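Dear colleague,

Please find the structure below, together with its sequence. A short account of the backbone features found in it follows.

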Amino acid sequence: MKHLILLFIIFIASSCHAQNAIFDNLKEAPVNGGLEMKDYWVWGSSVIKGDDGKYHMYASRWPKMLPFHPGWMIASEIVHAVSDTPEGPYKFEAIALGNRGAQFWDGRSCHNPKIVKYKDTYILYYMGSTHPFEEVATDNLSEFNLSSKWCIAARWGKRIGIATSKSPYGPWERKDAPILDVKPNSYYSFLTSNPSPLIKDDGSVVLLFKGRSYKEDGISNSDMSIGVATAATFDGKYTVIGDEPLFSLEHFGEVEDPHLWSDNDGYHMVAKDQRGAITGNAGDGLLAHSKDGINWVVEENPKAYTKTVNWNNGKTITQGQLERPFVFVENGKPTHIFFATMDGPGGFGNGTKTWNMVIPLK
(Lines give C-alpha, C1' and ligand atoms only; values in the text may rest on other atoms or scores of the structure.)
Protein backbone atom coordinates (compact mmCIF):
# COMPACT_ATOMS: atom_id res chain seq x y z
CA MET A 1 0.00 0.00 0.00
CA LYS A 2 2.83 2.40 0.84
CA HIS A 3 4.37 1.77 -2.58
CA LEU A 4 1.04 2.48 -4.27
CA ILE A 5 0.63 5.75 -2.36
CA LEU A 6 4.18 6.76 -3.27
CA LEU A 7 3.57 5.99 -6.96
CA PHE A 8 0.33 7.99 -6.83
CA ILE A 9 2.13 10.99 -5.33
CA ILE A 10 4.83 10.77 -8.00
CA PHE A 11 2.14 10.57 -10.72
CA ILE A 12 0.31 13.63 -9.38
CA ALA A 13 3.57 15.57 -9.04
CA SER A 14 4.56 14.65 -12.59
CA SER A 15 1.14 15.67 -13.90
CA CYS A 16 1.30 19.02 -12.12
CA HIS A 17 4.81 19.63 -13.40
CA ALA A 18 3.74 18.82 -16.95
CA GLN A 19 0.84 21.29 -16.91
CA ASN A 20 1.58 24.46 -18.86
CA ALA A 21 0.88 27.56 -16.76
CA ILE A 22 -0.36 29.58 -19.76
CA PHE A 23 -1.61 27.20 -22.48
CA ASP A 24 -3.72 25.08 -20.11
CA ASN A 25 -5.31 28.12 -18.48
CA LEU A 26 -6.38 30.33 -21.40
CA LYS A 27 -10.01 31.47 -21.23
CA GLU A 28 -12.02 33.16 -23.99
CA ALA A 29 -10.78 36.53 -25.20
CA PRO A 30 -13.26 39.42 -24.82
CA VAL A 31 -14.08 40.87 -28.24
CA ASN A 32 -14.22 44.41 -26.85
CA GLY A 33 -11.20 44.08 -24.56
CA GLY A 34 -7.81 45.74 -24.82
CA LEU A 35 -7.11 48.83 -26.93
CA GLU A 36 -7.82 49.80 -30.52
CA MET A 37 -7.38 53.30 -31.96
CA LYS A 38 -8.92 54.66 -35.15
CA ASP A 39 -6.39 55.91 -37.74
CA TYR A 40 -3.46 54.30 -35.85
CA TRP A 41 -1.58 51.06 -35.86
CA VAL A 42 -1.50 49.93 -32.20
CA TRP A 43 1.05 47.45 -30.87
CA GLY A 44 2.76 45.99 -27.83
CA SER A 45 1.03 46.80 -24.50
CA SER A 46 2.13 46.68 -20.88
CA VAL A 47 -0.29 47.10 -17.95
CA ILE A 48 0.04 48.07 -14.30
CA LYS A 49 -2.52 48.70 -11.54
CA GLY A 50 -2.22 52.22 -10.16
CA ASP A 51 -2.75 53.57 -6.67
CA ASP A 52 -6.09 54.88 -7.96
CA GLY A 53 -7.31 51.30 -8.42
CA LYS A 54 -7.44 51.67 -12.19
CA TYR A 55 -5.51 49.67 -14.77
CA HIS A 56 -3.00 51.64 -16.81
CA MET A 57 -1.89 50.45 -20.22
CA TYR A 58 1.12 51.78 -22.12
CA ALA A 59 1.21 50.90 -25.80
CA SER A 60 2.88 51.85 -29.08
CA ARG A 61 1.01 53.60 -31.88
CA TRP A 62 1.85 55.26 -35.22
CA PRO A 63 -0.24 56.74 -38.04
CA LYS A 64 -1.90 54.39 -40.51
CA MET A 65 -0.82 56.64 -43.37
CA LEU A 66 2.51 54.84 -42.96
CA PRO A 67 2.85 51.12 -43.69
CA PHE A 68 2.72 49.04 -40.51
CA HIS A 69 6.25 47.81 -41.15
CA PRO A 70 8.57 49.68 -41.07
CA GLY A 71 6.46 52.71 -40.05
CA TRP A 72 7.03 51.99 -36.36
CA MET A 73 10.77 52.58 -36.77
CA ILE A 74 10.38 56.28 -37.51
CA ALA A 75 7.06 57.40 -36.03
CA SER A 76 6.04 55.28 -33.04
CA GLU A 77 4.98 56.99 -29.83
CA ILE A 78 3.97 55.49 -26.49
CA VAL A 79 0.45 56.26 -25.32
CA HIS A 80 -1.28 55.86 -21.97
CA ALA A 81 -4.79 54.35 -21.74
CA VAL A 82 -6.93 53.57 -18.69
CA SER A 83 -9.58 51.02 -17.72
CA ASP A 84 -11.55 50.08 -14.61
CA THR A 85 -10.86 46.39 -15.28
CA PRO A 86 -7.85 44.46 -16.60
CA GLU A 87 -9.81 43.35 -19.67
CA GLY A 88 -10.78 46.87 -20.71
CA PRO A 89 -11.72 48.32 -23.07
CA TYR A 90 -8.98 50.86 -22.41
CA LYS A 91 -9.63 54.54 -23.08
CA PHE A 92 -6.88 56.78 -24.47
CA GLU A 93 -5.61 59.18 -21.82
CA ALA A 94 -2.50 60.90 -23.20
CA ILE A 95 0.75 60.56 -25.11
CA ALA A 96 3.31 59.40 -22.56
CA LEU A 97 6.42 59.53 -24.78
CA GLY A 98 6.27 61.27 -28.15
CA ASN A 99 8.53 62.92 -30.72
CA ARG A 100 10.99 65.25 -28.97
CA GLY A 101 13.36 66.07 -31.84
CA ALA A 102 16.01 64.39 -33.95
CA GLN A 103 18.79 65.60 -31.64
CA PHE A 104 17.75 63.12 -28.93
CA TRP A 105 18.69 59.43 -29.09
CA ASP A 106 14.95 58.58 -28.77
CA GLY A 107 13.69 61.69 -30.49
CA ARG A 108 11.80 60.20 -33.43
CA SER A 109 10.48 56.84 -32.22
CA CYS A 110 9.56 55.30 -28.85
CA HIS A 111 8.38 51.69 -28.96
CA ASN A 112 7.91 48.42 -27.03
CA PRO A 113 7.01 49.83 -23.59
CA LYS A 114 7.22 47.84 -20.36
CA ILE A 115 5.91 49.47 -17.17
CA VAL A 116 7.08 48.55 -13.65
CA LYS A 117 7.04 50.26 -10.27
CA TYR A 118 9.55 50.42 -7.45
CA LYS A 119 8.44 52.04 -4.18
CA ASP A 120 6.85 55.35 -5.25
CA THR A 121 8.34 55.50 -8.75
CA TYR A 122 6.86 54.24 -12.01
CA ILE A 123 9.55 53.19 -14.50
CA LEU A 124 8.76 52.94 -18.20
CA TYR A 125 11.30 50.86 -20.13
CA TYR A 126 11.22 51.26 -23.90
CA MET A 127 13.16 51.16 -27.15
CA GLY A 128 14.02 54.53 -28.69
CA SER A 129 15.55 55.69 -31.95
CA THR A 130 16.07 58.75 -34.14
CA HIS A 131 17.10 59.88 -37.63
CA PRO A 132 18.34 63.22 -39.03
CA PHE A 133 16.02 63.45 -42.04
CA GLU A 134 12.78 65.20 -42.93
CA GLU A 135 9.49 63.68 -41.82
CA VAL A 136 7.89 61.08 -44.06
CA ALA A 137 4.67 62.54 -45.51
CA THR A 138 2.37 62.00 -48.46
CA ASP A 139 4.76 63.71 -50.88
CA ASN A 140 7.70 61.39 -50.13
CA LEU A 141 5.85 58.29 -48.91
CA SER A 142 6.73 56.41 -52.11
CA GLU A 143 10.41 56.62 -51.14
CA PHE A 144 9.82 55.07 -47.70
CA ASN A 145 10.71 51.41 -47.21
CA LEU A 146 12.99 49.20 -45.13
CA SER A 147 15.99 50.12 -47.30
CA SER A 148 15.31 53.86 -47.25
CA LYS A 149 17.54 56.39 -45.49
CA TRP A 150 15.01 56.80 -42.67
CA CYS A 151 14.96 53.11 -41.78
CA ILE A 152 18.70 52.56 -42.18
CA ALA A 153 19.39 55.28 -39.61
CA ALA A 154 16.49 54.43 -37.31
CA ARG A 155 17.24 50.70 -37.15
CA TRP A 156 20.94 51.30 -36.54
CA GLY A 157 20.07 53.71 -33.71
CA LYS A 158 17.76 51.44 -31.71
CA ARG A 159 18.64 51.49 -28.00
CA ILE A 160 16.95 50.80 -24.64
CA GLY A 161 16.07 53.58 -22.21
CA ILE A 162 13.83 54.45 -19.26
CA ALA A 163 11.49 57.25 -18.27
CA THR A 164 10.27 57.81 -14.71
CA SER A 165 7.28 59.41 -13.00
CA LYS A 166 5.65 59.54 -9.58
CA SER A 167 2.25 59.01 -11.20
CA PRO A 168 0.99 56.70 -13.95
CA TYR A 169 -0.45 59.84 -15.54
CA GLY A 170 3.00 61.43 -15.86
CA PRO A 171 4.74 63.72 -16.51
CA TRP A 172 7.56 61.40 -17.60
CA GLU A 173 11.22 62.32 -17.20
CA ARG A 174 13.44 60.79 -19.88
CA LYS A 175 17.17 60.16 -19.77
CA ASP A 176 19.51 61.92 -22.19
CA ALA A 177 21.27 58.62 -22.91
CA PRO A 178 20.14 55.00 -23.23
CA ILE A 179 20.66 52.62 -20.32
CA LEU A 180 21.84 49.77 -22.56
CA ASP A 181 24.10 50.66 -25.48
CA VAL A 182 25.73 48.44 -28.08
CA LYS A 183 29.14 46.78 -27.66
CA PRO A 184 31.61 46.17 -30.51
CA ASN A 185 32.26 42.53 -31.43
CA SER A 186 29.32 41.27 -29.40
CA TYR A 187 25.94 39.73 -30.20
CA TYR A 188 24.46 43.20 -29.59
CA SER A 189 26.96 45.29 -31.58
CA PHE A 190 24.27 46.56 -33.97
CA LEU A 191 21.29 47.36 -31.71
CA THR A 192 19.56 46.74 -28.37
CA SER A 193 15.77 46.67 -28.08
CA ASN A 194 12.65 44.96 -26.66
CA PRO A 195 13.42 45.38 -22.93
CA SER A 196 11.72 43.19 -20.33
CA PRO A 197 12.64 44.21 -16.75
CA LEU A 198 11.97 42.69 -13.36
CA ILE A 199 12.77 44.68 -10.23
CA LYS A 200 13.54 42.60 -7.15
CA ASP A 201 12.52 43.52 -3.60
CA ASP A 202 15.97 45.00 -2.95
CA GLY A 203 15.66 47.31 -5.97
CA SER A 204 18.10 45.44 -8.21
CA VAL A 205 17.06 44.71 -11.79
CA VAL A 206 17.15 41.74 -14.16
CA LEU A 207 16.62 42.91 -17.74
CA LEU A 208 16.04 40.68 -20.75
CA PHE A 209 16.69 42.35 -24.10
CA LYS A 210 16.97 41.68 -27.82
CA GLY A 211 20.26 42.22 -29.62
CA ARG A 212 21.54 42.06 -33.17
CA SER A 213 25.17 42.10 -34.27
CA TYR A 214 26.99 43.31 -37.36
CA LYS A 215 27.81 40.59 -39.86
CA GLU A 216 31.32 40.24 -41.25
CA ASP A 217 30.51 42.61 -44.13
CA GLY A 218 30.19 45.41 -41.58
CA ILE A 219 26.91 46.54 -43.12
CA SER A 220 24.15 43.98 -42.63
CA ASN A 221 22.92 42.69 -39.26
CA SER A 222 22.45 39.24 -37.74
CA ASP A 223 19.42 37.26 -36.63
CA MET A 224 17.96 38.02 -33.21
CA SER A 225 19.51 37.02 -29.89
CA ILE A 226 18.14 37.41 -26.36
CA GLY A 227 20.50 38.49 -23.59
CA VAL A 228 20.28 39.45 -19.93
CA ALA A 229 21.66 42.47 -18.10
CA THR A 230 21.58 43.38 -14.42
CA ALA A 231 21.76 46.60 -12.43
CA ALA A 232 21.94 47.41 -8.72
CA THR A 233 19.16 50.00 -9.17
CA PHE A 234 16.81 50.87 -12.01
CA ASP A 235 18.68 54.13 -12.66
CA GLY A 236 22.14 52.60 -12.17
CA LYS A 237 24.65 51.00 -14.51
CA TYR A 238 23.39 48.01 -16.53
CA THR A 239 25.88 45.21 -17.17
CA VAL A 240 25.30 42.47 -19.73
CA ILE A 241 26.01 39.05 -18.21
CA GLY A 242 28.35 36.82 -20.21
CA ASP A 243 29.48 36.89 -23.80
CA GLU A 244 26.88 34.48 -25.16
CA PRO A 245 23.12 35.11 -25.47
CA LEU A 246 20.44 33.18 -23.59
CA PHE A 247 18.59 32.39 -26.81
CA SER A 248 19.91 32.51 -30.36
CA LEU A 249 19.71 30.62 -33.63
CA GLU A 250 22.46 28.32 -32.28
CA HIS A 251 21.24 28.04 -28.66
CA PHE A 252 17.67 26.74 -28.07
CA GLY A 253 16.41 28.67 -31.13
CA GLU A 254 15.66 32.20 -32.28
CA VAL A 255 13.00 33.89 -30.15
CA GLU A 256 11.61 37.41 -29.87
CA ASP A 257 9.48 39.51 -27.52
CA PRO A 258 10.56 37.97 -24.19
CA HIS A 259 8.46 38.90 -21.18
CA LEU A 260 9.69 38.26 -17.64
CA TRP A 261 7.79 37.84 -14.38
CA SER A 262 8.35 36.09 -11.06
CA ASP A 263 6.50 34.22 -8.32
CA ASN A 264 7.40 31.93 -5.42
CA ASP A 265 8.75 29.33 -7.87
CA GLY A 266 11.29 31.68 -9.44
CA TYR A 267 11.49 33.54 -12.72
CA HIS A 268 9.35 32.85 -15.77
CA MET A 269 9.62 33.90 -19.40
CA VAL A 270 7.13 33.83 -22.25
CA ALA A 271 8.37 34.65 -25.74
CA LYS A 272 7.56 34.21 -29.43
CA ASP A 273 9.24 31.23 -31.07
CA GLN A 274 10.41 32.95 -34.24
CA ARG A 275 11.11 29.87 -36.36
CA GLY A 276 9.37 27.08 -34.45
CA ALA A 277 12.57 25.34 -33.35
CA ILE A 278 11.30 25.04 -29.76
CA THR A 279 7.51 24.72 -30.00
CA GLY A 280 7.34 23.11 -33.43
CA ASN A 281 5.48 25.98 -35.07
CA ALA A 282 6.81 29.41 -36.03
CA GLY A 283 5.08 32.24 -34.16
CA ASP A 284 3.78 30.16 -31.27
CA GLY A 285 4.67 31.14 -27.70
CA LEU A 286 7.15 29.34 -25.49
CA LEU A 287 7.70 29.15 -21.74
CA ALA A 288 10.99 28.95 -19.86
CA HIS A 289 11.93 29.22 -16.19
CA SER A 290 14.93 30.22 -14.10
CA LYS A 291 15.97 30.34 -10.46
CA ASP A 292 18.14 33.43 -10.84
CA GLY A 293 17.08 35.16 -14.08
CA ILE A 294 20.48 34.36 -15.60
CA ASN A 295 20.36 30.63 -16.37
CA TRP A 296 17.23 29.48 -18.18
CA VAL A 297 15.55 26.13 -18.86
CA VAL A 298 12.85 25.65 -21.48
CA GLU A 299 9.72 24.02 -20.04
CA GLU A 300 9.12 20.32 -20.63
CA ASN A 301 5.90 21.28 -22.44
CA PRO A 302 7.06 24.63 -23.85
CA LYS A 303 4.08 25.77 -25.96
CA ALA A 304 2.44 28.73 -24.19
CA TYR A 305 -0.02 29.76 -26.90
CA THR A 306 -0.80 29.57 -30.61
CA LYS A 307 -2.18 32.20 -32.98
CA THR A 308 -5.61 30.51 -32.81
CA VAL A 309 -7.80 32.41 -30.35
CA ASN A 310 -11.18 31.48 -28.86
CA TRP A 311 -13.29 34.66 -28.59
CA ASN A 312 -16.23 35.22 -26.24
CA ASN A 313 -18.62 35.65 -29.19
CA GLY A 314 -18.23 31.96 -29.99
CA LYS A 315 -15.76 32.42 -32.85
CA THR A 316 -12.36 30.75 -33.12
CA ILE A 317 -9.97 32.73 -35.32
CA THR A 318 -6.36 32.23 -36.32
CA GLN A 319 -4.94 35.72 -35.98
CA GLY A 320 -2.77 37.15 -38.76
CA GLN A 321 -0.15 38.09 -36.16
CA LEU A 322 0.00 37.45 -32.41
CA GLU A 323 3.05 39.02 -30.78
CA ARG A 324 4.46 40.97 -27.82
CA PRO A 325 3.03 38.68 -25.07
CA PHE A 326 2.67 40.39 -21.70
CA VAL A 327 1.62 38.50 -18.56
CA PHE A 328 -0.20 40.67 -16.02
CA VAL A 329 0.34 39.63 -12.39
CA GLU A 330 -1.96 40.76 -9.58
CA ASN A 331 -1.58 39.75 -5.93
CA GLY A 332 1.31 37.47 -6.87
CA LYS A 333 -0.56 35.46 -9.52
CA PRO A 334 -0.76 35.72 -13.33
CA THR A 335 -4.34 36.72 -14.19
CA HIS A 336 -4.23 37.88 -17.84
CA ILE A 337 -2.04 37.67 -20.91
CA PHE A 338 -1.99 40.55 -23.39
CA PHE A 339 -0.95 40.44 -27.06
CA ALA A 340 -0.45 42.74 -29.98
CA THR A 341 -2.53 41.30 -32.81
CA MET A 342 -3.41 41.85 -36.47
CA ASP A 343 -6.21 40.68 -38.69
CA GLY A 344 -5.71 39.10 -42.09
CA PRO A 345 -4.04 35.93 -43.35
CA GLY A 346 -0.63 36.68 -41.82
CA GLY A 347 2.28 38.91 -42.71
CA PHE A 348 2.67 42.55 -41.71
CA GLY A 349 1.73 43.76 -45.17
CA ASN A 350 -1.57 41.84 -45.31
CA GLY A 351 -3.46 43.23 -42.31
CA THR A 352 -5.96 46.08 -42.26
CA LYS A 353 -6.01 46.76 -38.52
CA THR A 354 -4.12 46.02 -35.32
CA TRP A 355 -5.08 46.20 -31.66
CA ASN A 356 -3.91 45.08 -28.24
CA MET A 357 -6.02 42.15 -27.04
CA VAL A 358 -6.23 40.32 -23.73
CA ILE A 359 -7.02 36.76 -22.64
CA PRO A 360 -7.99 36.10 -18.99
CA LEU A 361 -6.31 33.15 -17.29
CA LYS A 362 -8.13 30.55 -15.22
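In which loop does Pro 171 lie? Before the reply, please note that this is a predicted model. Pro 171 belongs to the loop between β7 (159-165) and β8 (173-174).

Cis peptide bonds

The bond that joins Gly 170 to Pro 171 is cis, and its omega is near 5°. A cis peptide bond also runs from Gly 88 to Pro 89, here with omega near 10°. Pro 89 is located in the loop between β3 (77-83) and β4 (91-97).

Positive phi values

Asn 112 is a residue other than glycine with a positive phi, near 55°. For Asn 331, likewise not a glycine, phi is positive and near 55°.

As background to both topics, most peptide bonds are trans, and most residues other than glycine have a negative phi.

Where are these asparagines placed, and is each buried or exposed? Asn 112 sits within strand β5, which covers residues 109-118. Its relative accessibility is 5%, and because buried means under 20%, Asn 112 counts as buried. Asn 331, in turn, is part of the loop between β19 (321-330) and β20 (333-342). Asn 331 has a relative accessible area of 77%, and since the cut-off for exposed is over 50%, this residue is exposed.

When you open the model, I would suggest viewing Pro 89 in the loop between β3 and β4, then Pro 171 in the loop between β7 and β8, and afterwards Asn 112 in strand β5 and Asn 331 in the loop between β19 and β20.

With kind regards

Methods:
Residues are numbered from 1 along each chain as its sequence is written. This is a predicted model: local features need pLDDT of at least 70, side-chain atom pairs count only at pLDDT 80 or more; totals for chains, interfaces and linings use all residues. Side-chain values use heavy atoms; hydrogens and water are left out. Helices (H or I, at least four residues) and strands (E, at least two) are DSSP runs, numbered from the N terminus. Buried means under 20% relative accessible area, exposed over 50%, partly exposed in between (1.4 Å probe, protein chains only).
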